[in-house]
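Here is a relaxed tour for anyone meeting this structure for the first time. Take a look at the sequence and the model before reading on.

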Number of protein chains: 2
Amino acid sequence: MVVKKPLTPAVVVDVALGIVDEHGLEGLTLAAVAQRCEVATPSLYKHVANLGELKALVGVRVLDDMTERFTAAVLGRGGDEAVTALMGAYRAYVNDHPKRYSAMPMDPLHDPIQKTAGAKQIDVMFATLRSYGLEGPAAVHAARRLRVLVHGFASIESAGGFGLPEGLDDTYDQLIQMYLASLRKDT
Amino acid sequence: MVVKKPLTPAVVVDVALGIVDEHGLEGLTLAAVAQRCEVATPSLYKHVANLGELKALVGVRVLDDMTERFTAAVLGRGGDEAVTALMGAYRAYVNDHPKRYSAMPMDPLHDPIQKTAGAKQIDVMFATLRSYGLEGPAAVHAARRLRVLVHGFASIESAGGFGLPEGLDDTYDQLIQMYLASLRKDT
DNA sequence: GCTCATAGGCTAATGGCATTAGCCGATGAG
DNA sequence: CTCATCGGCTAATGCCATTAGCCTATGAGC
């Protein structure tokens, strides 16, 4: 017999993530979550403050999932190899969950709920650049460039913004090489 | 005395754009537009098919405005100078209307309403790269890289995604130099 | 085993918004 | 002068978020 999972904030976020995967962030609605949980809409307020908070929590989950994959990809590597692995992992995650990416907050540091998850992800990026020995502003600029590249590509690709998928792998390779070259100049 | 403008689709889009500038794309609502036009909400349906179409039209307007500024920036220039001007104009537009940028469609070619405006903007980018003499796929990759850079940066900056505005000009400069270097390798 | 606070679910009600249907007056072409 | 059309309006529907207030089971503490 089926034992219904007790509803917890984490479960609600799980369900929400499923809805986002299927219908996009705009499709994420308390009513839809409630239906999947076989519960009346107002009941959700016992687990989550409101729709805004739920969206923030979904953002945290996406951030954490990505960070975990990045960490795994970079572990045991350094230098260009690590950077390449990180950029590959970023794109891979977004391709695995295209709709999901729109739930990733661009400004996690501005939201108390997302702050630590956001900081953790940025830390991984900084750590990936560690072996280049960049100091102060140079490190910040390098991390920003990296973020611009991966986010720019991922956001356009996941939106279907590149006319044809034709040669997208090559384009991404070129972005990686371009970035690695810029790192060489930095050091 | 005040002569009230006759309501036309173009005027409705103007008003909508004002709302987007103030409250963001999520704040764009037919009810809000109607109020500013001093008209009942259903009246808008005489000028616009529905909220979705209005958003698409706003997207076209943004696309066109940007393209116009890009064209002006690039006119009479070539090579690195032209690319630098284009990238500068892109960032400048977004900084002039931060909220607005979220209304710029990432996949204009998929929407019949936005298709030509999107194609025109991409044409300007290709034209800016013309003097490098890139052929076939190389030209496509170069244009994609350019788009990734400008969009990635603009989208993060306009969302307030960079921790501190500290040194953002420098970061953007580095992105430009990085891109110019990648073009040198292409040729 | 009894009691009572609480966790977690529910119904009812409110208010915002999109959208549709159907009405109506002004206006301009013929 | 007439009439179709344009552009506005009101009424009604339905979806959604959110709040208020109710009710029950359960488990901690006695």
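What follows covers the DNA contacts and then the interface between the protein chains.

First, some ground rules: this is a predicted model, where local features need pLDDT of at least 70, side-chain atom pairs count only at pLDDT 80 or more, and totals for chains, interfaces and linings use all residues. Residues are numbered from 1 along each chain as its sequence is written, chains are lettered from A and ligands numbered from 1 in the order in which they are written, and side-chain values use heavy atoms, with hydrogens and water left out.

Let's start with DNA strand C, which has 15 residues around it, and A:S43, A:K46, A:H47, B:T29 and B:Y45 come nearest. Being near here means having a heavy atom within 4 Å of the strand. Of the strand C atoms within 4 Å of the protein, 53% are sugar or phosphate and the rest belong to bases. The surface near strand C has 9 nonpolar, 5 polar and 1 charged residues; Ala, Val, Leu, Ile, Met, Phe, Trp, Tyr, Cys and Pro count as nonpolar, Asp, Glu, Lys and Arg as charged, and the others, Gly among them, as polar.

DNA strand D also has 15 residues around it, with A:T29, B:A40, B:S43, B:K46 and B:H47 the closest. Sugar and phosphate make up 54% of the strand D atoms that come within 4 Å of the protein.

Here are some of the atom pairs between protein and DNA:

| Protein side | DNA side | Distance |
|---|---|---|
| A:K46, side-chain N or O | strand C, base oxygen | 2.6 Å |
| B:A31, polar backbone atom | strand C, phosphate oxygen | 2.9 Å |
| B:Y45, polar side-chain atom | strand C, phosphate oxygen | 2.9 Å |
| A:Y45, polar side-chain atom | strand D, phosphate oxygen | 2.8 Å |
| A:L51, polar backbone atom | strand D, phosphate oxygen | 3.0 Å |
| B:S43, side-chain N or O | strand D, phosphate oxygen | 2.4 Å |

Now for the two protein chains. How many residues of chain B are in contact with chain A? There are 32, and they meet 32 residues of chain A, contact being heavy atoms within 4.5 Å. Together the chains bury about 2800 Å², 63% of it on carbon and sulfur atoms; buried area is the accessible area (1.4 Å probe) that two parts lose on being put together, summed over both. On the chain B side, B:R144, B:V148 and B:M178 lose the most area to chain A, together 23% of what that side buries.

How values were computed. A polar contact is a pair of N or O atoms within 3.5 Å; within protein, one must be able to donate a hydrogen and the other to accept it, and residues adjacent in sequence count only if both atoms are side-chain atoms.
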